[in-house]
Amino acid sequence: MIMHDLIIAWQNFWFKPQSPLSLCVFRIVFGLVFLTQILSQYWLDFSVFFGAHPFIPHEDFVAFWTRKNITLNLFELLPTDDFWHTAFFIVLGILTVMMIIGFCTRFSIILVFLSFASICHQYPFLMNAGDNMQRLVLFLLSFSGAGDCLSVDSYLKNKNGDWRKAVFDPPPCPAWATRMLQVQLAIAYISTALLKINSPIWFYGNGCYIATRLSDFAKFRVPVIFDHRISLYFMTWLTIFVEFAAGTLIWIKELRYWVILVGVCLHIGIDWAMNIPIFEFAFMSMYILFIDSEDMKKLGHWLKLLSKCFYIKKAYVSG
Amino acid sequence: MNSLSVPMSRRDQILISIFIATYFFCVGINICGNCPLKTYVRQFTQSIELFCGIEQSWNMFCPNPRDYSFHPYAIITFQDGSTALYEFPRPDKMNQLEETLRERVRKAFYDNMPWDDYSVFRPTLARHIARCFANPKNPPTQVSMCYNGYRVTLMENKMVPYGRPMRGAERKTFFVYQVSPEDFK
């Protein structure tokens, strides 16, 4: 009986049909974050790391890091030439735009994943946890129906029928890929919270203090909070609590939006105080996956009303 | 269709369940604490992770954040005894936009280069710097990689003021490379 209940619970969790609306909104928002990442993070020092003569050649990484393991790296198939490496990045940008608009969605997501995994493996020491998360998101998205709505694909598939319904109100489908993305995010938060709680620096309240005293990370100044011991202790323990909550309490429906709210506050706070571009936005974008599709529809409706009000006001002002 | 009205065949459900279980088994092995069992299993799962591009690590400012604030530079000594200074890009001297656009440079030269885990890459880096200063009449003979910095002491001992970074009181040479003529070939 228990076994049967477990199977039902497993099926219920992974395979129960859900509207793909949240997943498709996530595809667009995540795609925009990812596009910003590849446009802002690599091009200025492109030749230093990915050119024909980088600071540390890829062979050194193979010799000392990956060793005999086979890594996913399309650069190894390209000629060692600045032209080809530059072309690789341009193609990645184009594919990302295709992913955002949902044109040949699965194909473009798979290629974006292969390309980004190649970048990560070509010069692995440039990558941070935000890059890890984006690579894993792309991997899992390639199995999902992220192009089922809000996409050019869904329009083209139904252009002779009721395309509005297909694009904006798609039928439910098994949500196992969305679930995998949600669980992956929860694992990341729980893992980092556990590591912090096992560290004497964080446990005794010095984590935020030390992190905000590193001059290479400094961004905008935060008044008062980071000047006093009591607030620094509080912020350190609050960080651990929010990370735990974002991995655990987020699964409780009644608490979900509150957890998302404090999670967003935490990430915006970190992004304000510390120079870790894109990282926080990659994590924040994943909260969209936890938003109920009905609430997403309501949000869309409000935005539509808001834009109508704005349009009417603009028309009224212009006479 | 089964009792849950899942629009998916039982065969597909089983295949996807195996995929889900395998994925999270690899993730679990990757992120769990070090133990002999993990070391043994990880030899197999690491190959799968690297091949599929799903390796992961979530040690964001933990377990212990770096407690040393510094700026690295290299001193290049030439054949005639003269020296030149190469300062690695310093985020604290950049404007906000440049700091954002060059975050990966910070990652490479602040989070990786000076620390022992990455020491195997230092000769390559030193050779690269030597080549940048190549002069046939007066070639570089030595590259010393150093940093100036200060340790961030715990709040209980002495609180480092926020927003006014202290000048690097400590200087450390963390790597010295003797340049050979072969390095320029």
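The C-alpha centres of domain 1 and domain 2 of chain B lie 39 Å apart. This distance belongs to a predicted model, and the same caution applies to every value that follows. By the domain assignment, chain B consists of domain 1, residues 3-60, and domain 2, residues 66-184.

Chain A is likewise divided into two parts, domain 1 (19-171) and domain 2 (174-298). Their centres, taken over C-alpha atoms, are separated by 24 Å. Where the two domains of chain A meet, 25 residues of domain 1 are in contact with 24 residues of domain 2. The area buried between these domains is about 2000 Å², and carbon and sulfur atoms give 79% of that area.

Which residues form a salt bridge with the closest N and O atoms 3.0 Å apart in chain A? The partners are A:K297 and A:D169. Between domain 1 and domain 2 of chain A, the count is 1 salt bridge. Across this interface there are also 3 residue pairs in polar contact, with both residues at pLDDT 80 or more. On the side of domain 1 of chain A that touches domain 2, helices α2 (21-41) and α7 (129-141) each supply at least two residues. Of the elements on that side, α2(A) gives the most, with 12 residues. Sorted by class, that side of domain 1 holds 14 nonpolar, 10 polar and 1 charged residues.

The discussion now turns to the interface of the two chains. Here 88 residues of chain A are in contact with 75 residues of chain B. Together the chains bury about 7500 Å², with 65% of this area on carbon and sulfur atoms. Across the interface there are 5 salt bridges. A salt bridge is also found between the side chains of B:R106 and A:D216, at 3.0 Å from N to O. In addition, 37 residue pairs are in polar contact across the interface of chain A and chain B, both residues of each pair being at pLDDT 80 or more. Which helix of chain A gives the largest share of the side that touches chain B? That helix is α10 (residues 176-197), which contributes 10 residues. By class, the side of chain A that touches chain B comprises 55 nonpolar, 22 polar and 11 charged residues.

Over all chains, a search of the whole structure finds 24 salt bridges. One further pair to locate in the structure is B:D67 and B:R151, whose closest N and O atoms are 3.1 Å apart. This salt bridge links distant parts of the chain, for the two residues are 84 residues apart. B:D67 belongs to the loop between α2 (36-52) and β1 of chain B, whereas B:R151 is in strand β3 (residues 140-151).

The loop between α2 and β1 of chain B also contains B:P63. Is the peptide bond from B:C62 to B:P63 cis or trans? This bond is cis, with omega near 5°. In general, most peptide bonds are trans.

Continuing along chain B, one reaches a pair of strands. Strand β1 (residues 68-78) and strand β2 (residues 83-87) of chain B pair in the antiparallel sense over 5 bridges. Within this pairing, B:I76 has B:A84 in β2(B) as its bridge partner. The hairpin of β1(B) and β2(B) has 4 residues between the strands. In this hairpin B:G81 takes a positive phi near 95°.

A positive phi is also found in chain A. A:L150 has a phi of about 50° although it is not a glycine. Most residues other than glycine have a negative phi. The place of A:L150 is the loop between α7 and α8 (152-157) of chain A. Helix α7, which precedes this loop, is one of the elements that supply residues to the side of domain 1 of chain A that touches domain 2.

Notes: Residues numbered from 1 in each chain as written. Chains lettered and ligands numbered in written order. Predicted model: local features only at pLDDT ≥ 70, side-chain atom pairs only at ≥ 80, totals over all residues. Heavy atoms only, no water. Contact = heavy atoms within 4.5 Å. Buried area = accessible area lost by both parts, 1.4 Å probe. Salt bridge = Lys/Arg side-chain N within 4 Å of Asp/Glu carboxyl O. Polar contact = N/O pair within 3.5 Å; in protein donor to acceptor, adjacent residues only side chain to side chain. Nonpolar A, V, L, I, M, F, W, Y, C, P; charged D, E, K, R; others polar. Pairing = 2+ DSSP bridges. Domains from an automatic or database assignment.
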